[in-house]
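Here are my notes from a pass through this one. Have the viewer open while you read, and tell me where you disagree.

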Amino acid sequence: MCGIVGYAGNRDALAIIIGGLESLEYRGYDSAGVSVYEGGKVDTTRATGKLIELKKALEGRKRSGIASLGIGHTRWATHGRPTETNAHPHTAGRVSLIHNGIIENYLPLRAMLEAKGCTFLSETDTEVAAHLLNTLLAEGFEPLEAMRKMCAQVKGSYAFLAIDSKHPDRVLVAKNSTPIIIGKGDGENLIASDIPAVLQHTRRVIVLEDGDLAQVTADAVYIENQGKEVRRKEETIAWDPITAQKGGFKHFMLKEIYDQSRVIGDTLRGRISEHDASVKLPELETLRDKASSIKRIVMVACGTAWHACLEGKFFLEEFAGIPCEVDYASEFRYRSGLIDKDTLVIAVSQSGETLDTLGALEAASGKGMTLAICNVVGASICRKAEMVVYTHAGPEISVASTKAFTTQLVALQLLALFLAEARGTMSVAARRHVLHAMVELPAALSQTLKVDGEVSSVAKRFFQARDFLFLGRGRCYPIALEGALKLKEISYIHAEGYPAGEMKHGPIALIDESMPVVMVLQREKPLFEKTLSNLKEVEARGARVLVVTDATEEDLRGVHAEGLIRVPFVAHELSPILLNVPLQMLAYHVAVLNGTDVDLPRNLAKSVTVE
Ligand code: F6R
């Protein structure tokens, strides 16, 4: 997501911060800004767009010596559009502050600060932290004490960097659930959201832990946790800069697969309350009033996002009791679709720029209610839709979509539960059951990642096959389609996804000893037994079978497969999210073994802005 760089030392902070932000550009962003202490005062410059725009804005500024202290930020918009006023650093009195993460209680904090006379200039959650810190400094607290008190009032995830113009020798740092590191130099220290930003200057790195507060000057790094000084281990980083951008992984795709546990947490954060079994989506308040008048849902998307819609249909029909159709955006946009005022049209898109999805949304605008589920704030699809629910997957760099798909499924679950609550179609106990499972999902996904070694061994046995069949029933059918798409797009091997029950109506003719069949098998009855029968039919024709399942060992007695990958079980409704992970890994390892360009597969583009 957003990038952070801070500096305290005797070299030019401005050049070092801009250089550091450039090395984080791969993370994606839509505005940038810096605050530096120079010539006896703190100067802040911000700009929308890429760093080149910030550099142009800085060129017009008269410099008064060399800046010895500073903080800089590249912002990937979450709360508020990507404008200059919403860009970081945010300033309030003595304070300049930057932030990665989400402040969940920013609305009550903002109201409290406004009542005290603070004036807000942006739409962001971050600005409350700047005002809160400034208020505490004005009350006479020492900088670190003020930071401690500020963090005690903030709920959510954060990496904060702040400068107090009355103490221009130090950068104040706080971390909770959002990464931050300190790069230790000689007579200088750097702070960053990510290792690549400091590698040009030092390889000695300290990784802060949740709850850490730090005060960083040119010569010293003081760290405390819960009011007591702590020592964090210093590590020496051997990575080259490109490996560092990939977080040490060989490819962005693998890094993004491993990011999934965290981004599920980011997408859920602040949106669910187990206590009253409710979903908090303030962006949909107007929909709450109209929820009971919705007669039909039409979902439109392309590719992987279309698979997310197929899965979302299960949640929306099951939880909210609304008939739901899923259409390819490229098909829907050229038919009437019979949309009326009681139809809710949902467009799902990672980039928010896919031309066909935008065209489908345009075709529905003015006829029905329109809602977008999107990963990029302010993208064209978000501007066109009446309502938007953002996924918080962060920038997805690899062309093959992985973590964006997972967060789309999470966002669709949230939407379905929100509508169920508004329409009274699900009991409190039933909603609480699903919400509880959602809270456990990030940990279950981390657990699922442990199958990577097994999947890699399976891939070694299957990577030379020329065709694959992916089968699944019910909720596992969209996952079978997604598994096939992932494999074909990055390994160039022909793969087809099919509903397991349909196999005998045609594709069964393809099956022989050379054809691997990947069976996605959910333990939920009655489809478990039905899928097992399909498995037997496949086995009987000599196919090489790989089973991916959440079933127990006991359930699987009598199943003979060349490969068997088991994932943890959380709840039937959430199993598809976990069952998809080994398929992402399979596609990845098969592609690596075939030597293809995993992150930039041939003929594909990350954002398809043509018809
Ligand atoms: C597959 C993939 C594509 C996209 C599709 C829609 O891995 O990435 O199929 O899902 O091009 O893109 P968005 O979601 O940006 O509309």
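The points below start at the ligand and then move out to strands, salt bridges and backbone oddities.

1. First, the usual reminder: this is a predicted model. Every value below is computed from it, so please read the distances in that light.

2. Which residues come nearest to the ligand? There are 13 residues around it, and Ser349, Gln350, Ser351, Thr354 and Glu489 come nearest. By class, the shell has seven polar residues, four nonpolar ones and two charged ones. I'd start any figure of the site with those five nearest residues.

3. The polar contacts deserve a look one by one. A ligand oxygen sits 2.5 Å from an N or O atom in the side chain of Glu489. On Lys486, a side-chain N or O atom is 2.8 Å from an oxygen of the ligand. Gln350 uses its backbone instead: a polar backbone atom there is 2.6 Å from a ligand oxygen. As for cover, the ligand taken alone exposes 410 Å², and the protein buries 89% of that.

4. Two helices stand out in the shell. Both α10 (303–320) and α17 (476–491) supply at least two residues each. Which of the elements gives the most to the shell? That is α10, with three residues. Keep both helices in mind, as they come back in the next two points.

5. Take α10 and its flanking strands. Strand β18 (residues 296–301) runs parallel to strand β19 (residues 324–328), and five bridges join them. If you want a register marker, Ile297 stands opposite Cys324 in β19. The chain gets from β18 to β19 by way of α10, in a right-handed β-α-β crossover.

6. Now do the same for α17. Here strand β23 (residues 467–472) pairs with strand β24 (residues 494–499) in the parallel sense, over six bridges. Leu469 is the residue opposite Glu496 in β24. The path from β23 through α17 to β24 is again a β-α-β crossover, and it is right-handed.

7. On to charges. Side chains of opposite charge can pair when their charged atoms come close. The salt-bridge count comes to 42. One to check by eye is Arg94 with Asp164, where the closest N and O atoms are 2.9 Å apart. Arg94 lies in the loop between β5 (90–92) and β6 (95–103) while Asp164 belongs to strand β7 (residues 156–164), so this pair ties together parts that are 70 residues apart in sequence.

8. Where are the cis peptide bonds I'd inspect? One runs from His88 to Pro89, with omega near 0 degrees. Pro89 is in the loop between β4 (69–75) and β5. Another joins Lys525 and Pro526, with omega about 5 degrees. Pro526 is in the loop between β25 (516–521) and α18 (527–540).

9. Last, a backbone angle to look at. Ser177 has phi near 65 degrees, which is positive in a residue other than glycine. You'll find Ser177 in the loop between β8 (171–176) and β9 (181–184).

Terms used. Residues are numbered from 1 along each chain as its sequence is written. This is a predicted model: local features need pLDDT of at least 70, side-chain atom pairs count only at pLDDT 80 or more; totals for chains, interfaces and linings use all residues. Side-chain values use heavy atoms; hydrogens and water are left out. A residue is near a molecule or strand if one of its heavy atoms lies within 4 Å of it. A polar contact is a pair of N or O atoms within 3.5 Å; within protein, one must be able to donate a hydrogen and the other to accept it, and residues adjacent in sequence count only if both atoms are side-chain atoms. Accessible areas come from the Shrake-Rupley method with a 1.4 Å probe; for residues, only the protein chains shown count as cover. Helices (H or I, at least four residues) and strands (E, at least two) are DSSP runs, numbered from the N terminus. Ala, Val, Leu, Ile, Met, Phe, Trp, Tyr, Cys and Pro count as nonpolar, Asp, Glu, Lys and Arg as charged, and the others, Gly among them, as polar. Two strands pair if DSSP finds at least two bridges between them. A crossover is right-handed if, with the strands pointing away from the viewer, the path from the first strand over the helix to the second runs clockwise. A salt bridge is a side-chain nitrogen of Lys or Arg within 4 Å of a carboxyl oxygen of Asp or Glu.
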